[in-house]
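Reader: I would like a close look at one part of this model, the strands and the way they are arranged. Please also say how the rest of the chain fits around that part.

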Amino acid sequence: MWNSDRKIQNVVIEVIDHIEQGNIRVSEFLNGKWIVNEWIKKAIIMYFSVRKMNVLELGPLEFHDKIPIKNKFKEKGIRVVPHAVARYGSYISPGVILMPSYVNIGSYIGENTMIDTWATVGSCAQIGSRVHISGGVGIGGVLEPIQSSPVIIEDDVFVGSRCILVEGVLIEKEAVLGANVVLTSSTKILDVTNEDPVEMKGVIPKSSVVIPGSYPKKFPSGIYPIPCALIIGKRKESTNKKTSLNEALRMHNLVKN
C-alpha cells in the first residue's frame with residue numbers, strides 16, 4: 001500500500017507544509033482564468049491516510065482528530081477571536097480576522113479579509129483579499145464529496161449573512177451578495193437589469209449586486225417556486241470597496257433610508 005511507503009508519506013507531508021506556508025495553493029489565477037491543481041487536492045486526501053488520530057487538549061476542551069490545528073497567529077499577523085478554529089494545511093494571510101468560525105484544510109484566505117461569526121470555509125475554498133464573509137455563511141468544500149473545482153471568491157467581495165456557496169461557484173471581484181443568496185453549480189443566476197433577463201450558472205460577474213429570488217417551475221403535482229439568484233445592478237466604480245451591504249442595496253432602492 002502507498003501509505004506504508006515512507007518516501008510517499010514524506011512527499012505528501014511536504015505538500016501540505018507548502019500549502020500551510022502559502023507557497024502553493026489548490027487553485028490559482030493564470031493567463032486570465034482560474035486553474036485547479038488537482039495534484040494538490042489528491043495530496044490533501046492522501047494526507048488523511050498518512051496522519052493518525054490524536055487527542056488535542058485546549059484547556060478543558062478535548063478534540064480527537066487527524067489534522068493539527070493552526071497556531072502562532074500572532075507571528076503571522078492574524079487576529080483570532082475565541083473560538084475560531086483553523087486546520088493545519090490552510091493558508092491565512094496577514095491582516096485576516098477570524099471571528100468564531102471554522103477554516104478547513106486546503107483553503108486560502110487573502111490579506112485583510114474578515115471571516116465573521118459562525119461562518120465556515122470549506123476544504124480548498126479560495127477567498128481573495130479584503131473580502132467580508134458575513135455571519136453564518138457556508139462555503140462548501142471539495143473533499144467530501146469530491147467536486148471538480150473549489151468555491152472561489154475574488155478580491156473585494158461582500159458576502160451577506162447566511163449565504164450558501166457550494167459546488168465550485170465563482171464570485172468575481174467586487175460583487176455584493178445580499179443575505180440568504182444560495183448558489184450551487186445548477187442554480188439559475190438571472191441578470192434582470194435590462195428588459196430581457198439573461199440567464200447564467202456558476203459565475204457571479206464582476207461588481208454584480210445580487211439578491212435571492214425565485215421562479216415558477218411546473219411539477220406533476222403543481223407549480224412551485226424554485227430558488228434562484230437575481231443580479232439587480234452593478235457596484236459603481238466610484239463606490240468605496242469597503243461599502244456596507246446596505247449601502248450597495250440602497251442604491252437600487254431595496255432598503256429604506
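Author: What follows starts with the whole chain, goes through the sheets strand by strand, and then turns to loops, helices and cysteines.

The model is predicted. Its protein chain contains four helices and 26 strands. Of the 257 residues in the protein chain, 44% are buried. Contacts between residues at least 6 apart in sequence can be sorted by separation, and 35% of them join residues at least 24 apart.

Take the sheet of 10 strands to begin with. This sheet is open, its pairing is mixed, and its strands come in the order β5-β8-β11-β14-β17-β20-β25-β26-β22-β23. At the edges stand β5 and β23, the latter covering residues 198-200, and each of the two pairs on one side only.

The end of that order with β25, β26, β22 and β23 can be followed pair by pair. Strand β25 spans residues 208-219, and 12 bridges join β25 to β26 in an antiparallel arrangement. A hairpin of two residues leads from β25 to β26. Within this pair, Pro 212 is placed opposite Ala 229 of β26.

On to the next neighbour in the order. Strand β26 covers residues 222-234 and runs parallel to strand β22, residues 189-191, with three bridges between them. Here Ala 229 of β26 has Ile 189 opposite. Ala 229 therefore appears in two pairings: it stands opposite Pro 212, and it also stands opposite Ile 189.

From β22 the order goes on to β23. These strands pair over three bridges, in the antiparallel sense. Asp 191 has Val 198 in β23 as its bridge partner.The second sheet to describe has six strands. It too is an open sheet, with parallel pairing and the order β7-β10-β13-β16-β19-β24. Strands β7, residues 91-92, and β24, residues 203-204, form the edges, and each pairs on one side only. Inside the order, strand β10 (residues 108-109) runs parallel to strand β13 (residues 126-127), and two bridges join them. Tyr 108 has Gln 126 in β13 as its bridge partner.

Strand β6 offers a single residue to look at, Val 85. Is Val 85 buried, exposed or partly exposed? Its relative accessible area is 24%, and buried means under 20% while exposed means over 50%, so Val 85 is partly exposed. Leaving aside residues up to four places away in sequence, Val 85 touches Ser 101, Tyr 102 and Val 103. Asn 71 is 14 residues away from Val 85 in sequence, and the C-alpha to C-alpha separation of these two residues is 9.7 Å.

Some of the loops between strands have backbone features to note. Most residues other than glycine have a negative phi, and most peptide bonds are trans. Pro 82 and His 83 are joined by a cis peptide bond, with omega about 0°. His 83 is in the loop between β5 (79-80) and β6 (85-86).

Asn 112 has a positive phi, near 60°, and is a residue other than glycine. The loop that holds Asn 112 lies between β10 and β11 (114-115). With a relative accessible area of 48%, Asn 112 is partly exposed. Glu 167 is not a glycine either, and its phi is positive, about 60°. This residue, Glu 167, sits in the loop between β18 (164-165) and β19 (170-171). Glu 167 is partly exposed, at a relative accessible area of 35%.

Next come two of the helices. Helix α1 takes in residues 6-21 and helix α2 residues 38-50; their axes come within 9 Å and cross at roughly 115°. The crossing of α1 past α2 is left-handed. On the α1 side, the residues that meet α2 include Ile 8, Val 12 and Ile 16. On the α2 side, Trp 39, Ala 43 and Tyr 47 are among those that meet α1. Counted by type, the residues of this contact are 13 nonpolar, one polar and no charged.

Last are the cysteines. A disulfide is a covalent bond between the sulfur atoms of two cysteines. Searching the whole structure gives zero disulfides. Cys 124 counts as buried because its relative accessibility is 0%. Cys 228 also counts as buried, because its relative accessibility is 3%.

Note on methods: Residues are numbered from 1 along each chain as its sequence is written. This is a predicted model: local features need pLDDT of at least 70, side-chain atom pairs count only at pLDDT 80 or more; totals for chains, interfaces and linings use all residues. Side-chain values use heavy atoms; hydrogens and water are left out. A disulfide is a pair of cysteine sulfur atoms within 2.5 Å. Buried means under 20% relative accessible area, exposed over 50%, partly exposed in between (1.4 Å probe, protein chains only). Two strands pair if DSSP finds at least two bridges between them. Axes are lines fitted to C-alpha atoms, for helices over the stretch in contact, and angles run from 0 to 180 degrees between N-to-C directions. A crossing is left-handed if the near helix is turned anticlockwise from the far one by less than a right angle, and right-handed if clockwise. Contact means heavy atoms within 4.5 Å. Ala, Val, Leu, Ile, Met, Phe, Trp, Tyr, Cys and Pro count as nonpolar, Asp, Glu, Lys and Arg as charged, and the others, Gly among them, as polar.
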